[in-house]
Amino acid sequence: MSTVPPGLRAKRRRSALRTLGFLSPWLIGLCVFFLYPLVSTVYFSFMKYDGFTAPTWVGLKNWAYVFQDNPFFWPALRNTLWLVLVMVSLRVLFGLGIGLLITKIKTGAGVFRTLFYLPYLAPPVAATMAFVFLLNPGTGPTNTILEKVGLDPPQWFNDAAWSKPSLTILALWGIGDLMVIFMASLLDVPKEQYEAAELDGAGAWQRFRFVTLPSISPIVLFAVVTGVIATMQYYTEPLVAAKVASGVIGGSGQQFEPGYPEKSTLTVPQVVYNLGFQRFDTGAACVVALVLFALAMVFTAFLMRRRSGFMSAED
Amino acid sequence: MTRTTLAPLENPRVTAPGTAATEARRTARRRAALEWIGVHSLAIAASLFFLLPFVFVFLTAVMSDDQALTRDLWPNTWEWGNFADVWNTPGFLTWWRNTLLYAGLGTVLAVGSSLPVAYALAKFRFRGRNLMMMLVIAAMMLPPQVVIVPMYLFWARQMDLAGTLWPLIIPFAFGNAFTIFLLRQFLLTIPREYTEAARIDGCGELRTLLKVVVPMAKPGIAASALFHFFYCWNDYFGPQIYASENPAAWTLSYGLESFKGAHQTDWNLTMAATVLVMAPVIVVFFFAQKAFVEGVTLTGVKG
């Protein structure tokens, strides 16, 4: 370094300062809203703290409480696993199907694309309330129609066995983002490959299996991993569905059995809220938050390892 | 059918009736027609799934109070006054004002502070750039609940801002991970020659960004602004944490749920309120369709 001429060194220092200047909003934000609270979360996870009196050291007591005695943690984790397996895979399959369909439509493609995309834009609270109404066992249009055609309709959001499938239907309705991503990647598959496959006598399925699928597989993987990460954060829809379906009045200060019915709609973020903001058990809330952090970071790391094609940190 | 019989006339030599070529052409055409019918019937079936929820929500929104308690699907009378009733509900206008404040100010701050960061990550070469980019992606993927407990304590105890929307708005002045990511993806598509030419002409980096890059990146800025605006518009968790104890600070998302609470049995009014909350998003979409689709595509496919 000592051999660098002074002029060049000054230039380097200027360019480093310039870079720092451009990055400064984010560097400050990173420290104040990301690193500091993360360290605090670890600190509070070893503390008994109700938010008012001074925190006291309790070692691993919060951890033992969450893993052994909290009635919501394991059901929430099991529900998350269910949602990851069923909701994410159905969303990817359905998104791919709708994406394929939209690329094959010859007449009115623009109209269909808009129709399929619109539900994605519906605000989650509004969409969830709409679906609780649509799937309402008493007066909901869905069950009215199902009964008219002679079927025995389920209780949807009011039945523990059907609440997660109901949430899955709601998630499939809002497939617009995945549809657009799949559509874009399907249109990127080189046309010549299809022609070559056709000349070789490949049928529709074989063309999909050997031409389409290999070419879009990075996007499928992207959809799976981002879907799993989104499921880790799944909060608004299950909470609003449970509140509205159970007939609990919204607003502050209302006591409400989390995860109605029978903890079937409980998710991990809801446990953080319940412990931290309803029971004022800061320490236990921070333990669950750290479990959530670990899960989300495992999938994010996986996403960033598969650098080819998407989410690349490089140019 | 008429087309297949017309075909030989177009080129009688090649497609003389009865030859193998005609047969092949006929099957190909029949197959294409069947595919057209199949694809479009599937598309119509799918559009029913996407459209009917909107239709039933709307039909219920204009039913009378009595009819909304029945299993009727079609309104007997069209009670357009339901929308006015919802609009005039105490608090509804406050929710709108708060939502516009949160979404509007939040978006301006987030885009304004994220743009220089995204520009540096897209166009500067410096040590630690990959690490910075990885941190952006990690922050983007981090569930907000992970850091909410200390953040709430910070805003409520140290800053005394609980019961307001400021704890949600102020952090956006320090860059937003998703906005940085999306803007960077757009800025990568701007050829280096432009920024280099500006530099040779003696432009400083800030002027290059404002005079050269911003005008070229307008679609990208519009898309990220829209995404951010709707993120705030739709946000439920943030207002629930910071604003729930103070009804004067509720937003549409949070207020809508409590609206249902106050109107336990009135599905018609609840659905009318739902329509009023969904409508602006859908209206804006029709004006800015291209920006939306481009934004979604860039988050998933490498720019």
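**How chains A and B meet in this predicted model**

In this predicted model, 109 residues of chain B touch 109 residues of chain A. Together the two chains bury about 9,300 Å², with 76% of it on carbon and sulfur atoms. On the chain B side, Phe50(B), Arg71(B) and Met141(B) give up the most area to chain A, together 9% of what that side buries.

Me: What makes Arg71(B) and Glu147(A) a salt bridge?

Reply: Their closest N and O atoms are 2.8 Å apart. The cut-off is 4 Å, so the pair qualifies. The rule finds four salt bridges across this interface.

Me: Which helix gives chain B the largest share of the side that touches chain A?

Reply: That's helix α2 (residues 20-61) of chain B, with 17 residues. By class, the chain B side has 75 nonpolar, 22 polar and twelve charged residues.

Me: Why is the aromatic pair of Tyr117(A) and Tyr120(A) called tilted?

Reply: The angle between the planes is 55 degrees. Stacked needs under 30 and edge-to-face over 60, so 55 degrees lands in the tilted class. The centres are 5.5 Å apart, and the limit is 6.5 Å, so the rings do count as a pair. Both residues sit in helix α4 (residues 109-121) of chain A, three residues apart, about one turn of the helix.

Me: Why does Tyr117(A) count as buried?

Reply: Its relative accessible area is 2%, and buried means under 20%, so the label fits.

Me: And why is Tyr120(A) called partly exposed?

Reply: Tyr120(A) has 29% relative accessibility. Partly exposed runs between 20% and 50%, so that's where Tyr120(A) belongs.

Notes: Residues are numbered from 1 along each chain as its sequence is written. Chains are lettered from A and ligands numbered from 1 in the order in which they are written. This is a predicted model: local features need pLDDT of at least 70, side-chain atom pairs count only at pLDDT 80 or more; totals for chains, interfaces and linings use all residues. Side-chain values use heavy atoms; hydrogens and water are left out. Contact means heavy atoms within 4.5 Å. Buried area is the accessible area (1.4 Å probe) that two parts lose on being put together, summed over both. A salt bridge is a side-chain nitrogen of Lys or Arg within 4 Å of a carboxyl oxygen of Asp or Glu. Helices (H or I, at least four residues) and strands (E, at least two) are DSSP runs, numbered from the N terminus. Ala, Val, Leu, Ile, Met, Phe, Trp, Tyr, Cys and Pro count as nonpolar, Asp, Glu, Lys and Arg as charged, and the others, Gly among them, as polar. Rings of Phe, Tyr and Trp (its six-membered ring) pair if their centres lie within 6.5 Å; planes under 30 degrees apart count as stacked, over 60 as edge-to-face and the rest as tilted. Buried means under 20% relative accessible area, exposed over 50%, partly exposed in between (1.4 Å probe, protein chains only).
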